Amino acid sequence: MRILAVFAHPDDELGCVGTLAKHAKRGDEVMLAWTTHGELASQYVDQSDEEIRRIRREHGAWVAEKLGGESHFFDMGDSRMTGSREEALQLAHLYARFGPDVVITWSDDNPHPDHRMTAKIAFDAITLARIPKVLNDSGGDFEPHRERIRFLQYPTMGSPRSFMHVDIGEEIDLATELFRFYQEFYNWNFSPERFLASKASFGRESGVKYAEKFQCRSAYAPALSYLS
């Protein structure tokens with residue numbers, strides 16, 4: 001399998017790092033992609049954009065390496081994303097190149113506009129990646145990616161979409177290490193204990209010690225035998 005996690009800013013991936021590590025350990029191909037560099041983080045007010053991008057790319061590469069995967073950054077602008085066709089086309093090119101079987105991203109209703117827009121373009125890119133004339137309308141040479149993509153999002157309470165859990169009991173130490181890396185760098189108030197508690201809560205829902213939770217959104221609904 002090829003698993004592609006698409007998020008807006010480095011550290012957004014902490015909700016699925018155990019799952020990514022588990023797949024990489026099994027031999028699946030894993031890629032982390034970010035639509036922005038998160039360059040407006042308050043910790044960087046005195047640094048140049050060039051320096052911020054360098055730091056964020058180093059963080060992303062380090063996390064991806066720890067998970068056993070690749071990293072990729074777009075530069076759509078922190079807090080400047082619009083959910084446009086042009087943004088979705090950038091992801092469609094990545095889909096065509098990487099050929100994901102599964103895409104993991106944000107929920108549709110997250111308060112941060114970059115998170116919502118990342119979820120939107122990640123879904124839109126599924127269709128764009130299927131169309132050769134769209135992929136190559138600027139002179140590219142991309143083969144379309146027409147295989148069915150399983151589209152997973154961070155959970156939203158009250159959503160009618162089905163939930164799924166992934167047992168990350170064997171990956172929890174690595175997940176916590178990655179959380180601590182960001183928490184110490186950015187001096188978050190959110191503690192490692194609360195991070196573990198959130199994974200344990202998902203675990204209790206699914207009968208394991210620690211889990212990560214997603215919601216399934218299909219690009220194409222399964223066929224029905226009848227209309228009713």
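Hi everyone. Let me begin with a term: two strands count as paired if DSSP finds at least two bridges between them. Keep that in mind as we look at this structure, which is a predicted model.

One such pair is E6 and strand E7, residues 211–218; the two run antiparallel and are joined by five bridges. If you'd like a spot to look at, find Asp167, which stands opposite Ala211 in E7.

Now let's step back to the whole sheet. It is open and mixed in its pairing, with seven strands in the order E3-E2-E1-E4-E5-E7-E6. Which strands sit at the edges? They are strand E3, at 70–73, and strand E6, at 163–167, and each of them pairs on one side only. Ignoring direction, neighbouring strands in this sheet are turned by 30° against each other on average.

Against the sheet packs helix H4, residues 113–128. This helix touches strand E1 (2–7), strand E4 (102–105), strand E5 (150–153) and E7. The direction of H4 makes about 175° with that of E5.

Last, the cysteines. How many disulfides does the structure hold? Zero. As a reminder, a disulfide is a covalent bond between the sulfur atoms of two cysteines. Why is Cys16 not in one? Because its closest cysteine sulfur, in Cys216, is 14 Å away, which is too far for a bond; the cut-off is 2.5 Å. Cys216 is likewise in no disulfide, with the sulfur of Cys16 as its nearest cysteine sulfur.

And are these two residues buried or exposed? Cys16 is buried, with a relative accessible area of 0%. Cys216 counts as buried too, at 18% relative accessibility. Thanks for listening!

Notes. Residues are numbered from 1 along each chain as its sequence is written. This is a predicted model: local features need pLDDT of at least 70, side-chain atom pairs count only at pLDDT 80 or more; totals for chains, interfaces and linings use all residues. Side-chain values use heavy atoms; hydrogens and water are left out. Helices (H or I, at least four residues) and strands (E, at least two) are DSSP runs, numbered from the N terminus. Axes are lines fitted to C-alpha atoms, for helices over the stretch in contact, and angles run from 0 to 180 degrees between N-to-C directions. Contact means heavy atoms within 4.5 Å. Buried means under 20% relative accessible area, exposed over 50%, partly exposed in between (1.4 Å probe, protein chains only).
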